[in-house]
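Reader: I should be grateful for a close description of the surroundings of the ligand in this model. Please set that part in the context of the rest of the chain.

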Amino acid sequence: MGKVIVLGGGAAGLMCALTAAKRGRQVLLLEKSNKIGKKILMSGGGRCNFTNYSIEPENFLSANPHFCKSALKRYTQWDFIQLVEQHGIDYEERKHQQLFCKDSAKQILAMLQSECELAGVAIWSHCEINSITALQSSSDTLHDRYQLKLSKGKSEPKESHTLSCESLVVATGALSIPSLGGSGMGYDIARQFSLKLTERRAGLAPFMFSDSFKAVCERLTGLSTEVEVSCNGQQFSESLLFTHRGISGPAILQISSFWNPGDLISLNLLPGMEADQWLCKVKLTKGKSLLKTVLQQKLSKALVAELQQLWWPTQAETSIAEFTDQQLKTIGRQLNKWLLKPSATEGYRTAEVTLGGVDTDGISSKTMEAIHQPGLFFIGEVLDVSGHLGGFNFQWAWSSGYAAGQYT
Ligand SMILES: Cc1cc2nc3c(=O)[nH]c(=O)nc-3n(C[C@H](O)[C@H](O)[C@H](O)COP(=O)(O)OP(=O)(O)OC[C@H]3O[C@@H](n4cnc5c(N)ncnc54)[C@H](O)[C@@H]3O)c2cc1C
C-alpha cells in the first residue's frame, strides 16, 4: 500500500488526507501544533464561512488566473455542501451567497476528523520536521521517494522518528496569523526542491494610517458604515468598520488584496447616489437645514461630525441655502470619492490570507504535484492562489486538497 505523508492539519491537509485514505492509501498527517484545524475553528467569527454558492475563477488571485480552474471544477462547492449535509450540519446563506454553519465551526472540523478516522488516517500532532530528503530508489524503499526526520512530543525529551513515504503533500498553509499555525515551512520545502516562489504579502487585512485620518478612526472606533471602495480597478460594496488603528470590515479586507503600498483608495460613502446633485436639490427644497442634519439622514451622526470637521468646519452653523452650489458639489464629490492613503496593512498578524506563494508554473493544475519533483505535492494557501473574502479560501483548500488526494 502506497504511503502518503501530509504536512499540516489545516483545511487542505485534512481534505487531502481523507481523500487519499478513501482510495486505500496509508496516510499519516503530521501537524506541528497541539491541535489540527485551528483556522477552521476561528473562521467566520466561529461559524466558518466554508464555501460560497457562487465560486468562479474570477474570485481568486494568482499570477496564473487559470491554474485554479481545474481543481475547482473537479471538487465544487456543491460537493462540499453535500458532505456538510451528509453530516447533518445546519448551515445558512448570508450576504453575497456566503455559506456559514448555523451553530459552530467546530462541526466542520469534527466532520473532517470523523471522515479521516473512518478512512483510517493517522494524525500526529506536536511534530517538528527536522529534515526532508528525496530518496534514490533502492530495493527496500522501492516505492518510497522521501524520507523525513522529525521530533514528536509536547515536551522534552521528544521522540525522534525517521519516516519514509511515496507521496509527500505540503499543506502547511502560509504566513498569516502565526499564532494559528502560520508558517513559512512550505516555502522552505519549495526552495529545497528548486520550485519558484512568487512575492508574498498580507491579503484580506485591515488598513492602518499615519496621517490625520488616524485620529478620525480612533474617534469613530466601532462604527460601521456601508461603502463602495475601489483601488486599482477593483471595487467592493460592503461594510467598513473604523478601528483604533484605521479601517477594517469586509469592504476593506477585500480591497486590501489589490492595494500596493503608496496607492490611494477611494471610498464612496453614499453608494448608488450622485451626492453633488442630491445636495444641490436639497438646497432648493430644505434650504434652512444645516448640512450636517441633511447628511444625518444617510450617515451616522458621529461620522457626519467628523466630515464636518474635515470639510466645512467654518460653516457648521450655516444653513445649506447659504452654501454655494460649487461648495455643495465639492462636498458631494468627496462623499462619493473620498481619497485616502493607508500607510500599510496590519500585515500577517491579522491578515486572513497570504497573497503569493509557491509559483503555480511548477505545479500540475490537475494533480497539484510538482512538475519536476515526482511525489511532492503542494495544496491550499501555500500555493500562489488566494481567494476573495466569502468562503473562497476554504473552497480552494477543499478543491486543491481533493485534487492532490486523488493522485498521491
Ligand atoms: C481569522 C481567520 C478567519 C478566516 N475565515 C475564513 C472563512 O470564514 N472562510 C474562508 O474561506 N477562509 C477563511 N480564512 C482563510 C482560511 O482559513 C485559509 O485560507 C485556510 O485555512 C487555508 O488552509 P490551509 O490548509 O492551506 O492552511 P491552514 O489552515 O493554515 O493549515 C496549515 C496547517 O499546517 C500546520 N503547519 C504549519 N507549519 C507546519 C510544519 N512545519 N509542520 C507541520 N504542520 C505545519 C499549521 O499548524 C496548520 O494546522 C480565515 C483565515 C483567518 C486567519
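Author: A residue is taken to be near a molecule if its C-beta atom, placed from the backbone, lies within 6 Å of it. The model discussed here is predicted.

There are 39 residues around the ligand, and those that come nearest are Gly 8, Gly 10, Gly 173, Gly 181 and Gly 380. Two or more residues of this shell are given by each of α1 (11-22), α2 (38-42), β8 (127-134) and α13 (392-407). Helix α13 provides the largest share, with four residues. By character, the shell around the ligand consists of 17 nonpolar, 16 polar and six charged residues.

As for the wider chain, the domain assignment divides it into domain 1 (3-201 + 353-407) and domain 2 (207-345). The centres of the two domains, taken over C-alpha atoms, are separated by 41 Å. Five residues of domain 1 and four residues of domain 2 make up the contact. On the side of domain 1 that touches domain 2, three residues are nonpolar, two are polar and none is charged.

One helix pair may be added. The axes of α7 (residues 213-220) and α11 (residues 301-311) come within 10 Å and cross at roughly 160 degrees. Because angles over 145 degrees count as roughly antiparallel, α7 is roughly antiparallel to α11. Their crossing is right-handed. In this contact, Val 216, Arg 219 and Leu 220 of α7 meet Ala 302, Leu 303 and Glu 306 of α11. The residues of the contact of α7 with α11 comprise four nonpolar, no polar and two charged.

Methods
Residues numbered from 1 in each chain as written. Predicted model: local features only at pLDDT ≥ 70, side-chain atom pairs only at ≥ 80, totals over all residues. Nonpolar A, V, L, I, M, F, W, Y, C, P; charged D, E, K, R; others polar. Axes fitted to C-alpha atoms, helices over the stretch in contact; angles between N-to-C directions. Parallel < 35°, antiparallel > 145°, perpendicular 65-115°, else oblique. Left-handed = near helix turned anticlockwise from the far one by under 90°. Contact = placed C-beta atoms within 7 Å. Domains from an automatic or database assignment.
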